[in-house]
Structure formats: structure tokens, C-alpha cells
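Student: I'm new to this one, and I'd like a close look at a single part of it. Could you walk me through the aromatic rings?

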Amino acid sequence: MLTPDGELLLLSAEAVVERLRGLPPPLVIHAPATFRRLGLRLVPAFDVLELFAFVLPAQPAAPTARGLALALDQDLPAPGLEAEAALLPALAADLLRRLAAGRDLPLNRDAAGLAALLGKGGGASWLWAPFVLAALGQPHAAPSTDALKPWKHLPEWQEAPPPPPPSSHPVGEAEARARLAALLGPHAEQRPGQADYAGAAAAAFAAREVRGDPSFVLAEAGTGTGKTLGYIAPASLWAEKNRGAVWISTYTRHLQRQIDQELARLYPDPVERRRRVVVRKGRENYLCLLNLEDAVGGASGGLGLGAPVALGLIARWALATRDGDLQGGDLPGWFVELFGSGRLAALADRRGECIHAACPHWKRCFVEHTIRRARGADLVVANHALVMAQAAWGGLDDALVPTRYVFDEGHHLFDAADGAFAAVLSGAETAELRRWLLGAEGGRSRARGLRRRLDDLVAGLAPLETMLDAALQAARALPAPGWAMRLAEDVPGQAALAPADARADNPTEAVLRLFRRQVLARAGAEAETTGFALDCDLFPTVADLAGAAERLARALDRLAVPLTALRDRLLARLDTEAEEMDSPTRLRIEATGRSLLRRAIQPLGAWQAMLRSLAAPPAEPGVRAEHVLFLRLERRSGGAFGREAPREADVGLHRHWLDPTVPFAATLAAPAQGLLVTSATLRDTGDADPEAAWHAAEGRVGAPHLPSPAIRAALPSPFDYAAQTRAFVVTDVAGTDIAALAAAYRALFLASGGGALGLFTAIGRLIAVQKRIAPALEDAGIPLLAQHVDAMDNATLVEIFRTEEASCLLGTDAMRDGVDVPGRALRLVVFEKVPWPRPDILHRERRVHLSGGDPRGYDDRIARLRLRQAFGRLIRRASDRGVFVLLDRRTPERLVSAFPAGVVVRRVGLAAAVAETAAFLAERGED
């Protein structure tokens, strides 16, 4: 704490809280996280992050003193909390000076009016307002609501003619190597395998010889090979030669951003990069200007503390953003943490309610801009889920489907396909369809129903109005508001509170109650104690379920028939009214047809098929079926840190493909002309038979379902793991003892002096360990960050971890796969236990039918690949050094082959692991 008198104090959290009483609002970085650590409710404060977001919208920065200093090109603070506290006033002063220097920029046209508006909110006024107005030279500026309307200043998109189909000129190996050399420049770090990788990847861009038989390359590139630039070289060359787009797909939004950043090497000019490279995500990721307008209109209507400030900063960001991406784009990840995820989510089209050409902001819409830019781009960076949806639907917002793909993080293709091609008949899914059709039914929701969205398209057309009326009436067979509270049969008094269509034995709610009854009857004793989802087999069904399912199937048919007819009649207008229909109406009808199909008709068809399966005879035990059907009761741990009894969240019937690469191959791979599937962990290197390892890798990406075999390539990592790493399995820590587990994490983190990533297979165990070790680490000057605990998203946590070299980070699966932290900031990885696959019904069936007769080997392969992925976080550069520790004394010897060649895994006690970790990291002065 730096006091108003200039006294710099190093205090306990309790002492800080006591001293804050009676002082003016403090100057802090990330007020929600700061006050949470102090155990205080959120109170007014000068948050430097808010000022940063105002002055430098759409600029990245880690939300720490060091991170802001880096972003502002200031001298970094000396190690220690006192130096960081002393830096805060300098950071604020620097930002205000920058604002003063740029007061005449177009971005700051309405900045003074906005600051004045945010500063007039009484008790909820923005504390920075008078300082900002002074910096702008307008201390008495009048408030302006126009400053909250960025759409007035955004450019309109212009329609372009449809692009012609691309050519099919191949990319040769020598060409790919030459392009890579040009990308790297003469002074780049030498990576011998990178050029070989680029040459192998070029085979995916050969001309297709037979329809339905794409050029399929399966390329494993060891960590450090440089695979991103390795595949960008042939991909960009093919796009330029053939005037077509290559879609580069990865697993998460965070990884999309990493690839986009790498593409700055190819296109250093931002203007050219914007023309040639587009990042595509689902509509729900982008700022909806109509939702922003609605929110601005209700900003004084009770949106909560900070709402006007949040909207003001979003309005500033909308003027500066590259593409309007709210999730993982250039809106800092910490923005949602300052103002709440619900407020930000309300500004995106998360409910599928876009009215397209009927929207007054359609010509300035960020999504529409992105769609049109993607049509002419060379490289489109997307994610697996979006790419698979595009293939299944025959296009996203148009009929364009790519012909060339690169799938980075290809080891996730199986899981991505599993999610993309699964179907769920649950309370949440069916209630969401009802909301999409009927809109808000009471309450303060701004949800727009189908009638409101289509009213002017069907008005005066009696057949269409009749179909719409019939569909909306039939939609009342879906769960009514409050369904979750009524789900439990023994909740007293709920029947009287239910809406009329629920009291009349809503057919969907009746089936959901029977689903729940069957799960609880079959789940066993853990039903009373576990916070995880509970599963049970669909067959044999409980009494009455088959009859209730038949009634629901008929009810869904009464909904699907008029919706299908409505869609057909709307699309028919495109033909019958072709001569007089204007372009916006035509585009709107086309979009409405897509929405009806994807959000209603297709799900209804899947649900009806699932319900009909209840009347079919079940498969005999051990017989391979195309789909796996099971019931699941979703449960959530209750209360802070899961201290309360778990509560029920949802229940439903799930249908998964036994092998989801079958629909992946049929809908995406076979129609394509070339695919490159790549990862550092495609094969199980622990398999004694290399051919079997390749065969298993091909099976997880769908290659066996294509006519020709995949072209294989494998490039080893250039790192000297024997010299750069140490690996230990600790033999004297009982994994079931949380106290012992926490003590092990604490000792290892202290030994490394920070720079440690702690991985967990269960959220509850992570939270329990974090609570036990945080005080000791903080006393040692080691900040502890934790997924599921800190009020920050994963990208922000990783950015802080990367920036603060003394910090430690706890996380689960997302951290195991998505952390790229080179250098000293990551020097220790500690894994709590062997990451076995979850032993649920879906896995039970797959290990029987997809294991080639070796179920245990199937489990081992999954565990080894996950261990490889975790180990891969440790060494990212040739100069890195690090230690990997597995705190599971039951680790089978057959799993240690997961680690790279040269790594010797030693089984030692905790004391030895701690000592050797400290000694190894100290060899190069790491401590």
C-alpha cells in the first residue's frame, strides 16, 4: 500500500483492509481480483485497467503492474510488491499524458462527451472522469449520449460479386521450402526439421485425382519443430497461386489468436494482413450493434453498478477493434472480469435472434463484415467446431464450403467431432428452443420471439401466418419457464406455481422427470455425494418412459411440421417474387431459412429419432452399434468452493456416434480436395509397434474412412530433453489425502521459486489445494493464479503467468493443452495424478469396440497422449530448462514411455524431488 502521505507499506491483507477504512477510493489494478483477495465487497476504486481501456482500446496488456509497464514501454518494476505499488501512479500519469497527446485523433472525437456522461452518475459515477476531461482539455464538457453510439462512425460493408472457384495448381516441396525460408529471413533460429515439415505438408496441396478421395497428410511435428510457420508456408503459397482460401482450424479461440499473431510474420503490413487473413468464429462471439443499442437505451434502467462505464468502454472499443470479436479477439480478456460475464454476453447474439437485413445496423455489422472479408481472404483461421458445423450445414452464412484445410492440434479432432455430431434431448436444450420460438415469457428478458423477428415477412400472407401460429402454439409442449425447479418430483408447492402449459402435464417435462427417475434409480450410492454428472444406460427403460416418449414424439412432430412448411413457403417467395423482391429482403429470407433449419428443424428431427429409438429393441450386449445412447443427470457443486451439497442442473438423453470420425469423414474430409492434420502428439510413442501407433492415430482422425491411405510424416523435436529436463514420479504422497497433496505442491512450487504450472484432473481437488497453499506462497512472494478460483478467464491467467516470472498457475484440461509459455516463466510442471479417461458409459463402449480387442491398451494410449501434451508445455525453446513431476505413486511403468526419448523418469520420494528440482533449476541461476 502506498498511502496518500507517500508512505510505502508492506502489510497483511487484514491490515490493508483495516487501513482502507476512512481512506479515499484506492488506486488498483483489477479491482474485482484485488478486493476478492482482500475479502472485501466491490467498492469504488480508481482501476488503472479502466483507464487503460479508455485511452488504448483494443490494445493487449496483462492486468498487472509489470504487464501494463510492458504495454506502455516503461521501465519494468524491480522485483517485489513495494515497487509494483509505487509504479501505479506513474502508469496512470502515463496513460493520461497519452490521452492528452492524442486528443485530436478521430478516436477521441466524442471522448470528452463520453467521459462527462460517465462522470455524472452520482454514487456510481466514473472516478476517472475529471482526470480524463482535464487531459482532453475540456474539463467542463457536456455529457453526450452520442458517444455511446459507435455505429454512427463505423464503415459500411460493400457487396462484392461471388468469387470464382479456385484453381488446382499444386504446391511443390521445393516451393514450400523456399516460401518458408523467405518467411523466416536470413537471421532466424535454425530448425532443420522445419523445412522438412513444410515440404511434407505441401503434399496436402496436391491436385485431387478422384472425387471423394482428398490428398490427406498426417504430420506429427515434435515440440519446437516450428510447425505453424511450416504449414503456413505451403498454405499461403497455394492460396496465392490458385486464388482460393485455405482454412486453418485449431481447437480453441485462444489458439486461433496465437495463429493469427504468427501470421504477422507473413503479412507484416496490418492493412495487407486484414485483407488476406480473417479470423472466423460463431456469431455468438461478436458484438451485436442492435443489442448494444438496446443496452444503451436501458443503461439507466437498473443494469447494475458499473453498467454505464462498461457500455462506455465497449463503445470506445467498437471504434478501434479490428473485427468486433468479444471473445479472444482484441477486447482484453480482463474486461469481462471487471464488469461481469452476463453483461458482456448480452451484447452478443448468443440466442440466435439476428434479424439480418431488417436490422438498422446490418450494413455496419461486424459479423457481416467478417463474412464478406472471408470470401476474398487467402487464409481463414477458424476452430474445429465451426469448421465441422460449416461442413455439416453446407456453409455458414452462405453456400461457400472450403476445399483445403489445415487442422492444427489434430489430436483434438476426435473430441471435436464427438461434440459436433452429437445430439442432446435435455431440459436446457428444449427450453432454449421454446425461448427462441416464443421469446420472453414474463420477467425482464429482452429475448425476441419468432413472431417478432418474422412479423413483416409473413404479415398479410394468410398461409404463412397460419403456419407461424400453429408452430408457436405447438412450442408450448416444450418446457415452460421454471422447468428446472419442477423437475424433482418431491419439490413441494411447485405444481401450483407452474405455468398453465406445465400444469397440464407438459409432455417434455413428463419425459424429463422419467429420465431423472431412471438415472437416480440406477446411479448407485454416489448419487447422494458426488458433484459430477450421473449417467445410466438407456435400456432397460423405467415403466411409462416408452409411452411418455411416444407422446412427446407426436408433440414434436406437431411443431416440426408447421415450421418446415413455414420455411418452405418463405423460401418459395424467393422464386415467386423474384422480379419485385429487393436484395435486403431476399438475404433476410435466406438467413431466416438457415436459422429455422439449424436451430429448430434439424434438432427436432434428431430428438424425434432419439425418442423413436426407445420403442426399438435394444442391441444385444457386446454388439457394435452406430450410436451410443445414455441418460445423464448434470449436477453442479454447490456454494463457494463446493462446500454445499451438489444441485441438479439438467437431465437429458444423449446420442453420440460410437466413432465420430465417420460423420467427420463423410461431411468434411471426403468432399474436400486436400487436408493436413498436424500436431505434436498424434501418435502414442509408448506403443511398442510403430505401425500400430500410426494406425491408431489415423483412426482418431478418420483416415481409414477415406479411399486412399493418408500420407504420413513425422519430424522429431530438436530439443535435447535429456539435458534440458528432469522427470520424477513421487512415491510417498497419497493422492487421496488433500493435505498431503497440497503440501507436495507447496514444497515443489517453493523449490522452483515460482514459474510452476500445477495440473489437475478434477476441479474440486484444484480448489482444495489452492486454498491450502496460497498463503504460504504469498508469504514467499510467489503469486498463485488458479483457474476456477480467480475472477479471470483462461487467456488472462496465462498472460499474467507469462508476464510474471515468479507466479504459479493451477489449471485443468485447458491449461494442459493450451499453454504456450516459453522461457523462464515456466520451469516446473506438476501433475496431480495420471490423466485416465473418464470411466463413463460412452468411454465404456468405445474401449470395447474401438480398441482392436485391447481395452486396457486403449485407456493407456489416451493417458500417455495426455501426459505427452502436459510434458510438452515445459520446453518451448532450445534454451529452456524444466522439471516434470507426477504426484501419483500408482503410475504404471508402461505409461512412462509417454515422455520423449532421452527423458529418464525416476521414482523418488517427495523430499528428493524437491531437492533435485531446486538443484537442477539452480544450475543456470534459475533461483
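Student: Let's start with F46: does F46 count as buried or exposed, and what is its relative accessibility?

Tutor: Keep in mind that this is a predicted model. F46 counts as buried, because its relative accessibility is 18% and the cut-off for buried is under 20%. Now look at the ring it pairs with. F46 and F131 make an edge-to-face aromatic pair, with 5.8 Å from centre to centre and 80 degrees between the planes. F46 sits in strand β2 (residues 46–47) and F131 in helix α7 (residues 129–135), so this pair ties together parts that are 85 residues apart in sequence. F131 itself is partly exposed, at a relative accessible area of 41%.

Next, find F54 and W126. Their pair is tilted: the centres are 5.3 Å apart, and the planes make an angle of 35 degrees. F54 belongs to helix α3 (residues 48–55), while W126 is in the loop between α6 (111–118) and α7, so here the pair ties together parts 72 residues apart in sequence. Both F54 and W126 are buried.

If you'd like to keep hunting, the count of aromatic pairs comes to 16. Further along the chain, ring pairs join F719, Y721, F871, F884 and F899 into a cluster.

Rings can have charged company too. The charged end of R453 sits over the ring of W436, 4.6 Å from the ring's centre. In a similar spirit, R700 lies over the face of F414, at 4.5 Å from the ring centre.

Terms used: Residues are numbered from 1 along each chain as its sequence is written. This is a predicted model: local features need pLDDT of at least 70, side-chain atom pairs count only at pLDDT 80 or more; totals for chains, interfaces and linings use all residues. Side-chain values use heavy atoms; hydrogens and water are left out. Rings of Phe, Tyr and Trp (its six-membered ring) pair if their centres lie within 6.5 Å; planes under 30 degrees apart count as stacked, over 60 as edge-to-face and the rest as tilted. Helices (H or I, at least four residues) and strands (E, at least two) are DSSP runs, numbered from the N terminus. Buried means under 20% relative accessible area, exposed over 50%, partly exposed in between (1.4 Å probe, protein chains only). A charge sits over a ring if NZ of Lys or CZ of Arg is within 6 Å of the ring centre and within 35 degrees of the ring normal.
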